[in-house]
Each structure stands twice: as C-alpha cells, then as structure tokens.
Amino acid sequence: MVAFKLLTNSSSNSTSWNIPLLNQLFTSCISNHIQNIAILGPNRKDELKWMGTKIGIFSVKSMYTLLRTIDLTTPILARTNLKIWKVHAIPRAILFTWKCINNVVPTRSRIGRFVPIPSTMCRMCNQNEETILHMLLECPFIHSV
Ligand SMILES: [Zn+2]
C-alpha cells in the first residue's frame, strides 16, 4: 500500500501542499484548485460559512444578491438543504431561506393551488401571478423599495 502525503511540514513548522506530488497525481487544473484551498493550522477546526459574503456572515442583502444569480428552476441538492440549517443567522431568516429554496412560501399562487381564492395575482403590482420568484426578484414594486 502506498501512502500519499499531500501535505508537507516545512522546517518552520508550517504545513503546505506537496506541489510535486499534486502535479504528479492530478491535472494541472485540479492541482491548481487544490493549491488554492487554505490549509488550517493544527488548532483550527473546519467551520461552515455563508458563501454569499466575503466575511462568511449571512445577511438578507447577500441572500437577495445570491438569489438573483442562481437559477431557481433547477432542483437544489438535499445536502444544500441540510447545510442551510447550520448557517449562523437568526432562525427566522434561515427558515425563510429554506422555504424559498423549497418553494413552500404561502404565496397566492401556491395557496390558489389548494384553496379557491379570488385572485392569485400579486397584491403589490397586480401585474403577475404572486410566486416567490416574483415576490423576491421580479415585482416592479420591490425595486422602488
Ligand atoms: Zn408584483
């Protein structure tokens, strides 16, 4: 059995990537990606961070920006759903984010699928059906707020 040592300890007691071995085992592209991964010191533990901001802290603004960049029509992996619950944010924001991603926010469009209601149109603009996508990104009324 061959043991691979992708990390090396230098004489200054710091850890770095074993670049010759990375280049031997992986393509240059993958090797470069691995080399860009920060190596934590021996006393630091892995932690979850919100990827929507550089500092790793959740904010509604960063969620809004993220929602504008991702395609909400594609299904999101179950693992992503589980990671949401570990984000450092107020529980109400996490729950709302989870509901948005899983399309279970009680919008008029969604309610209208189960209960007869007078209108499924947006209460703010009355131009489109009230869906979560419309409420958060498309409604012309929110752009003025
Ligand atoms: Zn609207």
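This passage describes the fold of the protein chain and then four of its loop residues.

The model is predicted, and the protein chain has an average pLDDT of 81. A score of at least 70 is reached by 84% of the residues. Confidence varies between the elements: the lowest mean pLDDT, 67, belongs to helix α4 (residues 78-84), while helix α6 (residues 108-114) has the highest, at 93.

The secondary structure of the protein chain consists of 2 strands and 8 helices. Read from the N terminus, the order of the elements is β-β-α-α-α-α-α-α-α-α. Of the 145 residues in the protein chain, 8% count as buried. Among the contacts with a separation of 6 or more, 27% join residues that lie 24 or more positions apart.

The loop between α4 and α5 (91-101) contains A89. This residue counts as partly exposed because A89 has 17 C-beta neighbours inside 10 Å, a number that falls between the limits of 12 or fewer for an exposed residue and 20 or more for a buried one. When neighbours within four places in sequence are left aside, the contacts of A89 are with F58 and I94. A further pairing involves I57: A89 and I57 are separated by 32 residues in sequence, yet their C-alpha atoms are 7.6 Å apart in space.

Further along the chain, N103 is placed in the loop between α5 and α6. The backbone of N103 has a phi near 55°, which is a positive value in a residue other than glycine. With regard to its surroundings, N103 counts as partly exposed, since 13 C-beta neighbours lie inside 10 Å.

Two residues of the loop between α6 and α7 were also examined. One of them is N126, whose phi is near 55°, again a positive value in a residue other than glycine. N126 is exposed, because 10 other C-beta atoms lie within 10 Å and the exposed class covers residues with 12 or fewer.

The other is C122, found in the loop between α6 and α7 (132-138). In contrast to the exposed N126, C122 is buried, as 21 other C-beta atoms lie within 10 Å of its own and the buried class begins at 20. Apart from its neighbours within four places in sequence, C122 is in contact with Q127, N128, E130, H134 and C139. Of these partners, H134 falls within the residue range of α7 (132-138). For the pair C122 and C139, the separation is 17 residues in sequence and 8.1 Å in space, taken from C-alpha to C-alpha.

Technical notes: Residues are numbered from 1 along each chain as its sequence is written. This is a predicted model: local features need pLDDT of at least 70, side-chain atom pairs count only at pLDDT 80 or more; totals for chains, interfaces and linings use all residues. pLDDT is the predictor's confidence in each residue, from 0 to 100. Helices (H or I, at least four residues) and strands (E, at least two) are DSSP runs, numbered from the N terminus. Two residues are in contact if their C-beta atoms, placed from the backbone, lie within 7 Å.
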